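Please work through the exercises below with the sequence and the structure beside you, and try each task before you read its solution.

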Amino acid sequence: MGKLVTYEVREGVAVLTIDNPPVNALGAALRRKLMRRIARAEGDEAVRATVIRAAGRTFPVGADVREFGQPPKAPLLPELCDRIEAAQKPVVVAIHGTALGGGLEIALAGHYRIADSGARLGLPEVLLGILPGAGGTQRTPRLTGADPALEMMLSGRPVSAQRALEIGLIDRIAEGELTEEAIAWARELGEAVEAGATPRRSRDQRAGLADPDAYLRAIAERRKALQGSRLPAPPRIVDCVEAALLVPFETGLAMERAAFEECLASDEAAALRHAFFAERLVAKVPELARAEPREVARLGVVGAGLMGAGIATVCLAAGLEVTLVERDEAALAAGLERIEKLHARAVEKGRARPEQVAERMARLRPVTDMEALGEVDLAIEAVFEDEQAKRAVFAGLDRVLRPGAILATNTSYLDIDALAAATSRPEDVIGLHFFSPAHVMKLVEVVVGARSDEAVTATAFALARRLGKVPVRAGVCDGFIGNRILTAYRQVADFMLEDGASPYEIDAAMRDYGFALGPYQVADMAGLDIAWARRKRLAASRDPAERYVRIADLLCEAGRFGQKTGAGYYRYEGGSRHGAPDPEVLALIDAERAERGIRPRPFSPEEIQRRCLEAMINEGARILGEGIALRPADIDVVMLLGYGFPRWRGGPMFEADRIGLLPLHAELARRAREEGDFWRPAPLLEELLADGRRLRDLNG
Ligand code: 3HC
Ligand code: NAI
């Protein structure tokens with residue numbers, strides 16, 4: 001722990017330095033100390049002005065999220081902000097790093113703001129299911145007007161120092177050393193106040209309220225855009241910003257407080273907090289504690305298809321040298337075109353500058369001969385999902401890679417240990433399972449083989465982090481964590497399909513649950529042929545007693561592979577990406593039910609959601625019990641970041657605790673009795689019940 005807040009007087013200016021590593025979160029002890037330091041500066045005769053700054057890498061990034069959900073401790077952040085604003089001596093706030101949430105609110109409570117040119121300022125509370133709760137909704141629009149304030153609070157995205165200056169959020173950008181400039185400025189302001197001026201308080205500012213019509217228009221537009229929003233915080237944010245124009249400051253603060261408390265206590269906020277900490281917990285794996293990652297500067301990518309091209313693009317953006325291997329010139333040209341398209345899109349969207357792209361492309365070496373990989377530190381294989389093809393590639397990599405280089409595979413389902421066995425160095429083999437589109441999706445499953453060296457696992461984690469990804473540790477099994485749960489999800493959906501629900505009802509129910517797309521929309525998008533090929537591959541080893549739904553096979557036999565063939569579960573007219581329900585599909589399903597002697601029954605949206613969720617939870621519990629996933633939180637992160645599970649629901653394992661393991665188990669057991677083994681409760685659930693524990697107790 002740092003010193004929380006240090007006090008130093010320099011040339012008549014009290015310099016209060018917030019010091020609470022790593023991110024200067026505003027915990028209770030720090031708030032107490034800052035409160036005292038402000039009072040001391042006010043009473044200190046040697047002081048005529050105050051500077052608030054921070055030590056370390058950043059100005060405070062907000063309230064201490066770990067305190068949420070616990071009894072509040074005085075002084076509360078709003079009280080602290082009010083105290084700062086009420087100071088009689090001018091307060092200058094010097095901002096570096098990222099001033100977020102309560103951190104920015106402290107800055108707004110100060111009288112004047114100066115920032116480093118690289119600073120970023122934001123109000124990300126909405127991402128945690130809450131709203132700024134220390135005056136942010138009232139002070140921000142007084143300075144910036146409604147539109148920029150709403151944009152910050154509703155998107156949660158920080159703005160640059162330059163943008164903050166333009167919208168009136170800060171007054172100056174430091175040209176030289178931030179603290180020195182802040183002190184010099186504070187001294188001038190102190191003299192002015194001694195000569196009779198009053199410090200400028202955000203609560204008294206009107207610049208942002210100067211055009212009430214524009215202000216109310218912005219409110220109306222955002223309110224309209226939020227219609228149907230499932231989260232409690234965004235509409236409350238709009239209400240509070242509206243109040244900033246219409247009611248006195250104190251009333252606005254009271255409204256903000258009430259809305260903040262209400263949102264903080266919501267299920268959605270609890271789920272979003274869980275997601276926040278879960279995403280950080282997954283980075284903590286035993287291998288990283290025990291082994292040093294190996295150096296990775298040069299990387300090989302084998303296969304420049306959909307995934308290989310995306311992976312190469314991400315690696316180039318992260319500053320790596322990439323050698324890209326394809327099987328022939330034509331495939332290589334097609335792969336390069338994919339990479340160029342991704343770059344062009346990035347430039348179009350303002351995510352990269354043309355000269356950056358040129359610099360990245362200069363680090364790319366496209367080849368058709370695997371021998372070129374002799375110097376790479378790690379090679380990722382992304383060729384067809386075919387065991388023979390992959391074994392051949394692995395044997396080749398084994399031959400050309402230098403000792404100590406790592407052999408990684410992007411396989412979605414195949415057995416990493418079997419691939420490792422195709423090499424003379426199974427300890428250097430690991431799975432790096434990216435998600436499509438690889439340049440966008442944050443998740444990477446790091447699939448640790450039975451013989452993967454700990455340093456290889458540590459390297460995979462370090463590399464994924466360097467690529468800006470969230471790595472989750474998975475063990476070897478068919479589908480690892482995510483695709484295994486997806487399989488259970490699809491299976492239960494198929495059972496309902498055969499038993500009476502339409503694909504459109506199932507998709508609508510799961511959208512209503514919070515997924516952006518239902519399972520059949522996703523299947524149409526990914527292409528039905530891939531899963532079909534997999535089912536054919538697994539057919540021989542399938543337990544004949546297991547329930548098998550043939551509807552997807554029948555669609556494939558009819559040439560309906562999804563969007564790419566213009567028809568799947570939906571029909572896509574004229575190349576449209578929005579499918580329309582198709583009576584032919586319903587007829588096909590009806591005929592199949594008749595053939596099997598199934599009398600269709602209705603499914604309510606709630607039943608569809610419940611069955612899908614229970615299937616995911618039960619499979620998740622099996623995965624945990626088998627040690628495939630380290631912790632329940634790891635499963636949640638996979639589902640949130642890789643499969644579109646609604647973040648504000650926290651993930652399937654978080655949902656399981658919310659339902660309660662007792663009723664959950666009872667329901668699974670009943671279904672197992674009535675409908676068969678698919679529903680048999682995972683042994684882990686029974687163990688936890690016997691010990692009176694919850695899943696979350698396994699998160700450590
Ligand atoms: N409270 C408590 N701990 C926090 C925290 C916070 N607000 N923000 C980050 N941390 C912790 C992380 O959990 C992590 O801890 P760990 O090392 O034990 O896992 C450590 O700080 C470092 O964080 P990251 O690994 O995320 O570091 P990065 O450099 O990648 O990112 C960041 C830094 C951009 C600040 C990112 O952590 C972040 O976005 N934090 C959340 C910021 C936020 O949401 N602030 C608003 C809080 S709500 C609020 O202020 C309410 C007010 O309006 C009343
Ligand atoms: P793809 O078919 O688009 O690309 C495969 C590429 O590999 C082709 O360009 C092909 O020419 C090339 N290739 C084949 N044999 C080769 C060889 N011996 N040497 C060099 N190049 C060779 O396939 P896609 O979708 O990119 O999938 C690749 C891998 O990624 C598969 O293992 C797949 O399971 C996995 N994956 C796919 C995801 C997806 O959504 N498509 C998601 C996550 C993983």
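The exercises that follow concern charged side chains and one tyrosine in this model, which is predicted.

**Exercise 1.** Find out where Glu614 and Arg671 lie along the chain, and decide whether each of them is buried or exposed.

*Solution.* Begin with the pair itself: Glu614 forms a salt bridge with Arg671, and their closest N and O atoms are 2.9 Å apart. Next, place the partners, for Glu614 belongs to helix 25 (residues 605-625) and Arg671 to helix 28 (residues 661-675), so that the pair links distant parts of the chain, 57 residues apart. Finally, consider the accessibility: buried means under 20% relative accessible area, and therefore Glu614, with 0%, is buried, as is Arg671, with 4%.

**Exercise 2.** Determine how Asp171 and Arg200 are joined, and which class of accessibility each one has.

*Solution.* The side chains of Asp171 and Arg200 meet in a salt bridge, with 3.0 Å from N to O. Asp171 sits in the loop between helix 6 (161-166) and strand 9 (172-173), whereas Arg200 sits in the loop between helix 7 (178-194) and helix 8 (212-225). Because partly exposed covers the range between 20% and 50%, Asp171 at 26% is partly exposed, and Arg200 at 25% is partly exposed too.

**Exercise 3.** Locate Tyr548 and name the residues that it contacts beyond its neighbours within four places in sequence.

*Solution.* Tyr548 lies in the loop between helix 22 (528-539) and helix 23 (551-557). With those sequence neighbours set aside, Tyr548 is in contact with Arg535, Arg542, Asp553 and Arg596. One of these, Arg596, also belongs to a network of salt bridges that includes Glu498, Asp499 and Glu592.

Conventions
Residues numbered from 1 in each chain as written. Chains lettered and ligands numbered in written order. Predicted model: local features only at pLDDT ≥ 70, side-chain atom pairs only at ≥ 80, totals over all residues. Heavy atoms only, no water. Helix = DSSP H or I, 4+ residues; strand = E, 2+ residues; numbered from the N terminus. Contact = heavy atoms within 4.5 Å. Salt bridge = Lys/Arg side-chain N within 4 Å of Asp/Glu carboxyl O. Buried < 20%, exposed > 50% of the residue type's maximum accessible area, 1.4 Å probe, protein only.
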